[in-house]
Each structure stands twice: as structure tokens, then as C-alpha cells.
Amino acid sequence: MTDPQNPQSSPPPYGATPPPPPSYGSTPPAPSYDSAPPAGSYNSAPPAPYGGPAQGPIPGKTMGIIALILAFFVQLVALILGIIALVQSKKAGYKNTPAVWAIIVSSVLMVVGIIIAIALISGAIAAGAELCAQYGTGTHEINGVEVTLNCPSN
């Protein structure tokens, strides 16, 4: 049972305005913390500027970190996620260094991968041309493997 002189009450929810101190001679109505405050009545801090202290989770920060990790394995996906994360952070007014690095790393690795693919394809074409020059069109046994060559006629 509660004592009317010293009621046991739960603390107000985070961000709620505390009730005014009691005035002697009159009893103010008990505040209700069960409903949401009216629109515009609570104090919300503006977003922190670049480099300022964070007030909560930064939008796009987690996605930027995931994009940076994926940049080493799946460059195209990482590039897309990094751009999305950077746009989300910029709209909220925050810097997102992991997203920027994800965009840079995935772009560089994608270009390197394309250069390597071109070199491998060129090498395969050159090797095929060398085989055609050496053996000609037909079925041949090369190093114990039967190969059918269809060489262009020149």
C-alpha cells in the first residue's frame, strides 16, 4: 500500500519534461507520462554538425561499414551500398568516412579486376591463336588431351 504523503512513482520517460515543483497551498494535477507529448512540445536537439558529438546513431554509418567490408569481396554491391550510406548521412548532416572509403576501395578494386580480366582474356585468345598456327583445324592430341580446334581460315 502506498503512503499518500510519499507516493512511489516511476521516473518520467526519457525526454519528458519533469513536473513543476509543488506550490504550497494547492495541489497541481498529477502529470500523465502514458501518452506522447503534444507535437512540438518536447525539446529535440538539432543534428550535430560535422565532427560534433553524436546525439544518437548516425544514419547510414552501419551500412557504410558493411559496404567497406564488402568492398574487398563484392565490389559492385559495396559501391551501391556505399553511395546509399553516404547519401543518408549527408541528408542528416553527418560525415560518413566508412562509406567514402567503401566507395573508393570498391571502385579501385573493380577497375583492377576489369584490367586483370582483360589481360586474361587477351592471353587466352593469344594462346588459342598460337595453337591454331601450330596445329591447324581438326582434332589433335595435345599433352595427352584430345582437343578439337576450329581455326579461322586466312
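Helices and strands are taken here as DSSP runs, of at least four residues for a helix and at least two for a strand, and are numbered from the N terminus. In these terms the protein, which is a predicted model, has 3 helices and 2 strands, and from the N terminus on its elements run in the order α-α-α-β-β. Of the 154 residues in the protein, buried residues make up 16%.

The helical part may be considered through the loop between α2 (75–92) and α3, in which N96 lies. With a relative accessible area of 2%, N96 is buried, because the limit for a buried residue is under 20%. A polar atom of the side chain of N96 lies 2.9 Å from the backbone oxygen of G60, so that this pair falls within the 3.5 Å allowed for a polar contact.

Helix α3, which spans residues 97–135, also holds M110. The relative accessibility of M110 is 25%, and M110 therefore counts as partly exposed. Although M110 and Q75 are 35 residues apart along the chain, their C-alpha atoms are separated by 5.9 Å.

A nonpolar patch on the surface is formed by V100, W101, I104, V108, V112, I116 and L120, which together have about 630 Å² of accessible area. One of these residues, L120, lies in helix α3, and at 60% relative accessibility L120 counts as exposed. This value also satisfies the requirement for membership of a patch, because a patch is made of residues with over 30% relative accessible area.

The two strands follow the helices in the order of elements. Strand β1 (residues 138–142) pairs with β2 in the antiparallel sense, and the pairing extends over 5 bridges. Within this pairing, I142 stands opposite V145 in β2. The two strands, β1 and β2, form a hairpin with 2 residues between them.

The loop between β1 and β2 contains N143, whose phi is near 55°, a positive value in a residue other than glycine. This sign deserves mention because most residues other than glycine have a negative phi. N143 is also exposed, with a relative accessible area of 77%.

Within strand β1 itself, the residue H140 may be singled out. At 19% relative accessibility, H140 counts as buried, because the limit for that class is under 20%. The side chain of H140 has a polar atom that lies 3.4 Å from the backbone oxygen of Y135.

The segment after β2 is connected to helix α3 by a covalent link, since C132 and C151 form a disulfide in which the sulfur atoms are 2.0 Å apart. This pair links distant parts of the chain, with C132 in helix α3 and C151 in the segment after β2 (145–149), and the two cysteines are 19 residues apart. The count of disulfides comes to 1. The link of C132 and C151 is left-handed, with -90° about the S-S bond. The two cysteines can also be described by their accessibility: C132 is partly exposed, with a relative accessible area of 21%, whereas C151 is buried, with a relative accessible area of 15%. These values fall into separate classes because buried means under 20% relative accessible area and partly exposed lies between that limit and the one for exposed residues, over 50%.

The segment after β2 is also the place of N150. With a relative accessible area of 67%, N150 is exposed. N150 and G136 are 14 residues apart in sequence, and the distance between them in space is 7.9 Å, C-alpha to C-alpha.

How values were computed
Residues are numbered from 1 along each chain as its sequence is written. This is a predicted model: local features need pLDDT of at least 70, side-chain atom pairs count only at pLDDT 80 or more; totals for chains, interfaces and linings use all residues. Side-chain values use heavy atoms; hydrogens and water are left out. A disulfide is a pair of cysteine sulfur atoms within 2.5 Å. Buried means under 20% relative accessible area, exposed over 50%, partly exposed in between (1.4 Å probe, protein chains only). Patches are made of residues with over 30% relative accessible area and no salt bridge: like charges are joined within 9 Å, nonpolar side chains (Val, Leu, Ile, Met, Phe, Trp, Tyr) within 5 Å. Accessible areas come from the Shrake-Rupley method with a 1.4 Å probe; for residues, only the protein chains shown count as cover. A salt bridge is a side-chain nitrogen of Lys or Arg within 4 Å of a carboxyl oxygen of Asp or Glu. Two strands pair if DSSP finds at least two bridges between them. A polar contact is a pair of N or O atoms within 3.5 Å; within protein, one must be able to donate a hydrogen and the other to accept it, and residues adjacent in sequence count only if both atoms are side-chain atoms.
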